[in-house]
Amino acid sequence: MEVPGAGYVVLALLVALFGALSFKYARRLVTVARVLGHGVRAEGECVRVETEPYGRSDARRHFFVFRTADGARVEFEDLAGRRTTEGSAVTVTYDPRDPGGTATVAGRGSWSPVLQSLALAAGCGMAMAGFAILLYFEITGGDR
């Protein structure tokens, strides 16, 4: 049984999903770039590395902790390279107005959060554009 318009809905949902992901990673990239230029630096460390259960993926989530200038302990998740392991010392850069929301380990010796955010934003943006083009041709029937 074929549902009329189901293809349009699926493509529209894919455009929306990849658009939202692209926007999320682009915002993170802008935040990281701003903080790297004007943020405060602190010493921190990787406190936890989580991997996909049952070995289904090589994706890893890195969690870091640092103390702000006033002594508050802040834990945050950020993108990091494979060499970053639990206990790795890192330099954290953050905006004192929002330490938890702006903290990053990007900087001298660790550009992976910047590069990964850039790659994710670009990749999701290209996927969104591709699905939008497919949706356009599906709607118009390929006519110009």
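Which residues does Arg-48 touch, not counting residues up to four places away in sequence? I started my look at this predicted model with that question. I found Arg-48 in strand 1. Its contacts, leaving out residues up to four places away in sequence, are Arg-61, His-62, Phe-63, Glu-75 and Glu-86. I then looked up the exposure of Arg-48, and it counts as partly exposed because its relative accessibility is 30%, between the limits of 20% for buried and 50% for exposed. I also checked Arg-48 against Glu-77: the two are 29 residues apart in sequence, and their C-alpha atoms are 9.4 Å apart in space.

Entry on the pocket. I looked up the largest pocket next, and its volume is about 620 Å³. Its lining has 27 residues, and Arg-60, Arg-61, Glu-77, Asp-78 and Leu-79 are the ones nearest the centre. Arg-61 is also one of the contacts of Arg-48. I sorted the lining by type and got 10 charged, 9 nonpolar and 8 polar residues. I then asked which element gives the most to this lining. Helix 1 does, with 4 residues. Elements that each supply at least two lining residues are helix 1, strand 1, strand 2, strand 3, helix 2 (99-102) and helix 3.

Entry on the nonpolar cores. I listed the largest nonpolar core and found 12 residues in it, among them Phe-64, Phe-66, Phe-76 and Tyr-94. Strand 1 (40-51), strand 2 (60-67), strand 3 (73-78) and strand 4 (89-94) are the elements that give two or more residues to this core. Strand 4 has the largest share, 3 residues. There is also a second, separate core of 5 residues, including Leu-29, Leu-36, Ala-106 and Val-114. Back in the largest core, I picked out Ala-80 as one of the members. Ala-80 touches His-62, Phe-64, Ser-112 and Gln-116, with residues up to four places away in sequence not counted.

Entry on Thr-68. I located Thr-68 in the loop between strand 2 and strand 3. Is Thr-68 buried or exposed? Thr-68 counts as buried because its relative accessibility is 11%, and the limit for buried is under 20%. Outside the residues up to four places away in sequence, Thr-68 touches Val-74, Tyr-94 and Pro-99. Of these, I looked up the spacing to Tyr-94: 26 residues in sequence and 8.8 Å in space, C-alpha to C-alpha. Val-74 and Tyr-94 are both listed in the largest nonpolar core.

Entry on helix 1. I read helix 1 as 33 residues, reaching 48 Å from its first C-alpha to its last, close to the expected 48 Å. Its buried residues include Leu-11, Val-15, Gly-19, Tyr-25, Arg-28 and Val-32. I noted Arg-28 in particular, a charged residue on the buried list of this helix. The buried residues of helix 1 pack against strand 1, strand 3, strand 4, helix 2 and helix 3.

Entry on Ser-22. I found this residue in helix 1. Ser-22 is buried because its relative accessible area is 14%, under the limit of 20%. What does Ser-22 touch, not counting residues up to four places away in sequence? The contacts are Ala-121, Cys-124 and Gly-125. I also looked up Ser-22 and Pro-113, which are 91 residues apart in sequence and 15 Å apart in space, C-alpha to C-alpha.

Entry on helix 3. I followed the contacts of Ser-22 into helix 3, where Ala-121, Cys-124 and Gly-125 are among the buried residues. Ser-112, Pro-113, Val-114, Ser-117 and Leu-135 are buried in helix 3 as well. Helix 3 (residues 112-140) has 29 residues and spans 41 Å from first C-alpha to last, close to the 42 Å expected at 1.5 Å a residue. I checked what its buried residues pack against, and found helix 1 (6-38) and strand 3. My last look was just past the end of helix 3, where Gly-141 takes a positive phi of about 75 degrees.

Note on methods:
Residues are numbered from 1 along each chain as its sequence is written. This is a predicted model: local features need pLDDT of at least 70, side-chain atom pairs count only at pLDDT 80 or more; totals for chains, interfaces and linings use all residues. Side-chain values use heavy atoms; hydrogens and water are left out. A nonpolar core is a set of buried Ala, Val, Leu, Ile, Met, Phe, Trp, Tyr and Cys residues joined through side-chain atoms within 4.5 Å. Buried means under 20% relative accessible area, exposed over 50%, partly exposed in between (1.4 Å probe, protein chains only). Contact means heavy atoms within 4.5 Å. The expected span of a helix is 1.5 Å times one less than its number of residues. On a 1 Å grid over the protein atoms alone, a cavity is a set of points where a 1.4 Å probe fits but cannot get out, and a pocket is an open set with protein on both sides within 12 Å along at least five of seven lines; lining residues have an atom within 4 Å of a point. Grid points are joined across faces, edges and corners, and a volume is the space filled by probe spheres set on the points.
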